[in-house]
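Colleague: I've got a model open and I'd like to learn how to read it properly. Could you walk me through it?

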Amino acid sequence: NRNWSPPEILSGTYKVADESSDIYSLGMVISEILTGSVPYDELPLRRMSLEDFFIHVYDGRHRPNLAQAGIPQGVIDAVGRTWFTESQLRCSAMDLLRSFLDFFDDADRRVAFRRSIQTMESPPASPALEPQQGSYDV
């Protein structure tokens, strides 16, 4: 799907993904997890040609807005390193992991991150999945 595809795959420069392509896609998946939104879902993708979409992605005009979702800057910086248009500038998976571990090593940052996640809207629970009183009796 083009929403998670790196610029080099969209452009046809590379036909097969490599580690840096996977890192870009991983950053998009992390963005989706953090925001609850598919990357680029605000763009009119059904009416947008692949070429127009590529231009938005390739020139860096458009990236998921994690700040708008209330994600702390340290997490934004770490994920942002996966989205460089030039694949050789993207971080490695190990660098991304280290960035997250460094960020979450600080207690205040963990609390801020939890608060940002808690403020996100979550879908209402299905009545069928809500525990009923006494349902845990054996």
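Modeller: Sure, let's go from confidence to the core, then to charged pairs and a few single residues.

Colleague: Where do I start with confidence?

Modeller: Start with the fact that this is a predicted model. The mean pLDDT of the protein chain is 77, and 77% of its residues reach 70 or more.

Colleague: Which helix has the lowest confidence, and which the highest?

Modeller: Helix α3 (residues 50-58) is lowest with a mean of 71, while helix α4 (residues 73-80) is highest at 92.

Colleague: And over which residues does pLDDT stay under 50?

Modeller: That's residues 123-138, where the model has 3 contacts beyond four places in sequence. Where pLDDT is low, the predicted coordinates should not be read in detail.

Colleague: Okay, on to the core. Which residues touch the most other members of the largest nonpolar core?

Modeller: V75, V79 and F100 do, out of 22 residues in that core. Two or more residues each come from α2, α4 and α5 (93-104), and α2 gives the largest share, 5 residues.

Colleague: What does V75 touch, if I skip residues up to four places away in sequence?

Modeller: With those left out, V75 touches L34, F100, F103, F104 and F113.

Colleague: Now the charges. How many salt bridges are there?

Modeller: The general idea is that side chains of opposite charge can pair when their charged atoms come close. With a cut-off of 4 Å between the side-chain nitrogen and the carboxyl oxygen, the count here is 2 salt bridges.

Colleague: What is the partner of E8 in its salt bridge?

Modeller: E8 pairs with R90, and their closest N and O atoms are 2.8 Å apart. This pair links distant parts of the chain: E8 sits in helix α1 and R90 in the loop between α4 and α5, 82 residues apart.

Colleague: Is E8 buried or exposed?

Modeller: Buried, because its relative accessible area is 6% and the cut-off for buried is under 20%. R90 is buried as well, at 8%.

Colleague: And what does D95 form a salt bridge with?

Modeller: With R98, where the closest N and O atoms are 3.3 Å apart. Both residues lie in helix α5, and they are 3 residues apart, so about one helical turn separates them. D95 is partly exposed at 29% relative accessibility, and R98 is partly exposed too, with a relative accessible area of 45%.

Colleague: Staying in that helix, what is S99 in contact with, leaving aside neighbours within four places in sequence?

Modeller: S99 is in contact with A78 and R81 on that basis. S99 belongs to helix α5 and is buried, with a relative accessible area of 19%. Keep the cut-off of under 20% in mind when you read that value.

Colleague: Let's look at the surface. Which residues make the nonpolar patch?

Modeller: L26, V29 and I33 make it, and the patch has an area of about 260 Å². V29 is found in helix α2 (residues 19-35) and counts as partly exposed, at 36% relative accessibility.

Colleague: One last thing: where is N3 placed?

Modeller: N3 is in the segment before α1 (7-10). N3 is buried, with a relative accessible area of 6%. Its C-alpha atom is separated by 7.9 Å from that of M28, a residue 25 places from N3 along the chain.

How values were computed. Residues are numbered from 1 along each chain as its sequence is written. This is a predicted model: local features need pLDDT of at least 70, side-chain atom pairs count only at pLDDT 80 or more; totals for chains, interfaces and linings use all residues. Side-chain values use heavy atoms; hydrogens and water are left out. Helices (H or I, at least four residues) and strands (E, at least two) are DSSP runs, numbered from the N terminus. Buried means under 20% relative accessible area, exposed over 50%, partly exposed in between (1.4 Å probe, protein chains only). Patches are made of residues with over 30% relative accessible area and no salt bridge: like charges are joined within 9 Å, nonpolar side chains (Val, Leu, Ile, Met, Phe, Trp, Tyr) within 5 Å. Accessible areas come from the Shrake-Rupley method with a 1.4 Å probe; for residues, only the protein chains shown count as cover. pLDDT is the predictor's confidence in each residue, from 0 to 100. Contact means heavy atoms within 4.5 Å. A nonpolar core is a set of buried Ala, Val, Leu, Ile, Met, Phe, Trp, Tyr and Cys residues joined through side-chain atoms within 4.5 Å.
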